[in-house]
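Visitor: I should like to go through the ligand sites of this model one by one. Could you guide me?

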Amino acid sequence: MTATTSQLASLNQWIEEVARLTRPDRIHWCDGGDAENQALIARMLEDGTLLRLNQETHPNSYLHRSHPDDVARVEHLTFVCTAKRDDAGPNNHWMEPAIAREQMRGLFEGCMRGRTMYVVPYCMGPIDSPLSRCGVEITDSPYVVANMRIMTRMGEAALKRIEREGGFVKGLHSIGELNPDRRFIMHFPEELEIQSFGSGYGGNALLGKKCHALRIASHQARGEGWLAEHMLILGIENPRGEKHYIAAAFPSACGKTNLAMLIPPRGYVRDGWKITTIGDDICWMRPGPDGRLYAINPEAGFFGVAPGTSEKSNPNALASLQKNAIFTNVAVTDDNQPWWEGLDKRAPATDWKGNAFDPASGNPAAHPNSRFTVSARQCPSWSPMAEDPRGVPISAIVFGGRRASLVPLVFEARDWTHGVLIGAAMGSETTAAATGAVGVMRRDPMAMKPFCGYNFADYFNHWLSFDKAGANLPKVFHVNWFRKGESGDFLWPGFGDNMRVLEWMLKRVEGKAGSIETPIGHLPKIEDVNLDGVELTPEAREKLFDYDREGWAHELASIGEYLDEYGARMPEALRDEQRRTATALG
Ligand code: GDP
Ligand code: PGA
Ligand code: MN
Ligand code: MN
């Protein structure tokens with residue numbers, strides 16, 4: 001046992017309690033320092049948890065191959081345990097707290113025998129920001145510790161803040177036996193507690209991220225008058241040096257990381273446009289004294305999707321990955337460099353499971369949900385404003401999903417209430433970020449279906465409540481980068497060219513562009529979107545910039561049915577907005 005304990009009696013007590021239950025050989029309080037990290041890495045290289053990558057091309061970077069059944073979030077095993085079932089809502093799996101605790105007790109009993117128990121104090125958000133919140137994760141996984149060190153402000157400074165504040169989110173994690181039949185991710189939002197067993201995958205095991213910064217924080221935010229959202233935050237600077245910040249919610253593996261670090265097309269760069277990155281996954285926002293929403297990124301690193309990341313699609317991500325990165329479930333080349341589908345033309349030698357890669361197998365070499373973990377500061381577009389304790393003022397909120405049909409490239413909400421409906425009605429095709437079928441369209445309101453820690457009806461109500469006297473709210477937009485044509489190809493080039501859509505949004509924010517008013521919202525006039533250098537087929541121009549009235553009438557009916565699943569708890573204002581839109585569509 002390490003002698004160091006906290007000044008905070010309640011923290012010490014909890015650590016002792018957990019140790020009595022889980023029976024670790026040792027307890028290690030993480031200070032977050034370099035020496036500690038090096039020792040952890042050395043240990044993991046020794047026991048095979050990490051493999052050394054080519055240190056000439058990728059200094060201080062490592063590969064982790066997970067258990068093959070532990071590669072994504074497990075929504076069917078993720079529970080929100082509130083005292084009343086209705087408070088979790090139909091959007092969550094629910095279990096009675098006492099039963100959940102009993103069940104988890106059984107799993108945790110003695111699970112750390114022979115292992116070290118790491119105590120990881122962390123701060124979500126700039127260490128000195130009043131918007132930040134702290135937690136402590138107990139884990140038996142050194143891989144989790146190494147990732148938490150990149151993803152959060154972990155260690156001594158966080159512990160000091162926790163001791164000063166006296167309160168913190170309690171997260172207990174064990175990889176258990178990595179057995180999918182003995183795996184649960186339990187949340188107790190009313191007690192600010194998380195218990196996660198049986199998985200080492202980021203979204204299930206790095207408890208600061210989805211479990212704390214979204215599920216627990218969304219619950220806290222509701223009570224305290226702020227928002228915890230599944231959104232990237234980017235800064236956009238025009239040639240006159242004026243800056244705006246945009247927050248965008250897309251479901252997992254639908255383009256947040258790419259948009260957050262976008263490099264504008266050449267003409268824009270020449271003219272002096274610039275994109276800076278505040279965050280790529282999570283956004284905490286609160287109204288400031290001027291009525292605007294101010295946002296922080298609670299995270300300190302990126303846990304990004306590897307496949308599809310290339311010099312062409314996302315050069316900033318690639319540049320971030322030159323050193324000090326942890327890769328999970330990627331393939332490797334014969335000279336031991338990390339590789340994934342879409343990176344380049346080289347042939348991988350070894351697949352994500354560690355087997356010789358057989359191109360004839362038809363299987364990808366890297367897992368479709370393979371990931372990289374890297375410090376945000378290594379990103380060339382990283383903005384020091386990410387450390388500003390006040391956060392950044394948000395000018396536009398963007399919702400978007402993966403929709404092969406129906407949904408045009410971009411449209412704007414009429415007002416806040418309509419914007420909340422657009423967010424609530426979001427649909428997207430499922431991806432490899434969660435286990436289960438891929439490519440199935442489902443409702444994913446505000447990209448929060450897997451992450452909202454309470455009843456969606458109450459959540460929408462909370463969103464609506466921000467529209468009040470003195471508020472100066474962002475404009476709300478919806479985008480779709482993933483519309484497909486008859487041939488099955490994407491109609492919009494996407495990636496850097498998404499800048500063109502951002503520019504149109506800014507024109508709208510600044511009142512410098514008109515629009516076409518339709519029942520679904522304001523569509524751009526095609527001549528107001530800079531398409532210089534983009535070749536669009538007539539089919540693309542029509543499908544990206546027009547809307548299909550009949551198809552949308554069906555969509556609105558389906559949205560109405562979805563809202564009805566929440567019964568009388570669904571805010572009337574939102575039902576009214578849906579009815580108004582449906583009626584206008586005829
Ligand atoms: P995140 O999980 O929401 O952060 O999504 P990512 O930015 O990591 O992107 C997920 C996948 O979508 C990757 O394979 C990207 O290459 C791909 N992607 C991202 N942006 C675009 C885009 O604008 N168009 C298309 N077609 N694909 C995109
Ligand atoms: P993503 O983050 O949104 O970047 O995919 C991980 C996740 O949501 O599981
Ligand atoms: Mn995410
Ligand atoms: Mn991402």
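Visitor: Where does ligand 1 sit?

Guide: The model is a predicted one, and the placement of ligand 1 is judged against pockets found on the protein atoms alone. A molecule is assigned to a pocket if more than half of its atoms lie within 2 Å of the grid points of that pocket. On this criterion, ligand 1 sits in the largest pocket.

Visitor: Which residues are the closest to ligand 1?

Guide: In total, 18 residues surround ligand 1. The closest of them are Ala253, Gly255, Lys256, Thr257 and Asn258.

Visitor: What share of the accessible area of ligand 1 does the protein cover?

Guide: Polar contacts are made from both backbone and side chains: a polar backbone atom of glycine 255 is 2.8 Å from an oxygen atom of ligand 1, and a polar side-chain atom of lysine 256 lies 2.7 Å from an oxygen atom of this ligand. An N or O atom in the side chain of asparagine 258 is also 2.7 Å from an oxygen atom of ligand 1. Of the 580 Å² of accessible area that ligand 1 has on its own, the protein covers 90%.

Visitor: How many charged residues does the shell around ligand 2 have?

Guide: Ligand 2 sits in the largest pocket. Its surroundings consist of Arg73, Lys210, His230, Ser252, Ala253, Lys256, Asp281, Arg371 and Phe451. By class, two residues of this shell are nonpolar and two are polar, while the charged ones number five.

Visitor: What percentage of the accessible area of ligand 2 does the protein cover?

Guide: Oxygen atoms of ligand 2 have polar side-chain atoms at 2.6 Å from arginine 73, at 2.4 Å from serine 252 and at 2.9 Å from arginine 371. Of the 270 Å² that ligand 2 has accessible on its own, the share covered by the protein is 98%.

Visitor: Is the arrangement of donor atoms around the manganese ion (ligand 3) regular or irregular?

Guide: The protein coordinates this manganese ion through Lys210 (NZ), His230 (NE2) and Asp281 (OD), at 2.0 to 2.2 Å. Along the chain, these donors follow the spacing K-x19-H-x50-D. Ideal angles for six octahedral donors are 90 or 180 degrees. Because the six donor atoms around ligand 3 subtend angles of 63 to 167 degrees, the arrangement is irregular.

Visitor: What distance separates the manganese ion (ligand 3) from the manganese ion (ligand 4)?

Guide: Ligand 3 is the manganese ion coordinated by Lys210, His230 and Asp281. Its separation from the manganese ion (ligand 4) is 5.6 Å.

Terms used. Residues are numbered from 1 along each chain as its sequence is written. Chains are lettered from A and ligands numbered from 1 in the order in which they are written. This is a predicted model: local features need pLDDT of at least 70, side-chain atom pairs count only at pLDDT 80 or more; totals for chains, interfaces and linings use all residues. Side-chain values use heavy atoms; hydrogens and water are left out. A residue is near a molecule or strand if one of its heavy atoms lies within 4 Å of it. A polar contact is a pair of N or O atoms within 3.5 Å; within protein, one must be able to donate a hydrogen and the other to accept it, and residues adjacent in sequence count only if both atoms are side-chain atoms. Accessible areas come from the Shrake-Rupley method with a 1.4 Å probe; for residues, only the protein chains shown count as cover. On a 1 Å grid over the protein atoms alone, a cavity is a set of points where a 1.4 Å probe fits but cannot get out, and a pocket is an open set with protein on both sides within 12 Å along at least five of seven lines; lining residues have an atom within 4 Å of a point. Ala, Val, Leu, Ile, Met, Phe, Trp, Tyr, Cys and Pro count as nonpolar, Asp, Glu, Lys and Arg as charged, and the others, Gly among them, as polar. Donors are N, O and S atoms within 2.8 Å of the metal (3.2 Å for Na, K and Ca); water is not among the atoms, so sites may look incomplete. Four donors count as tetrahedral if all angles lie between 85 and 135 degrees; four count as square planar and six as octahedral if opposite donors are over 155 degrees apart and all others between 65 and 115; anything else is irregular.
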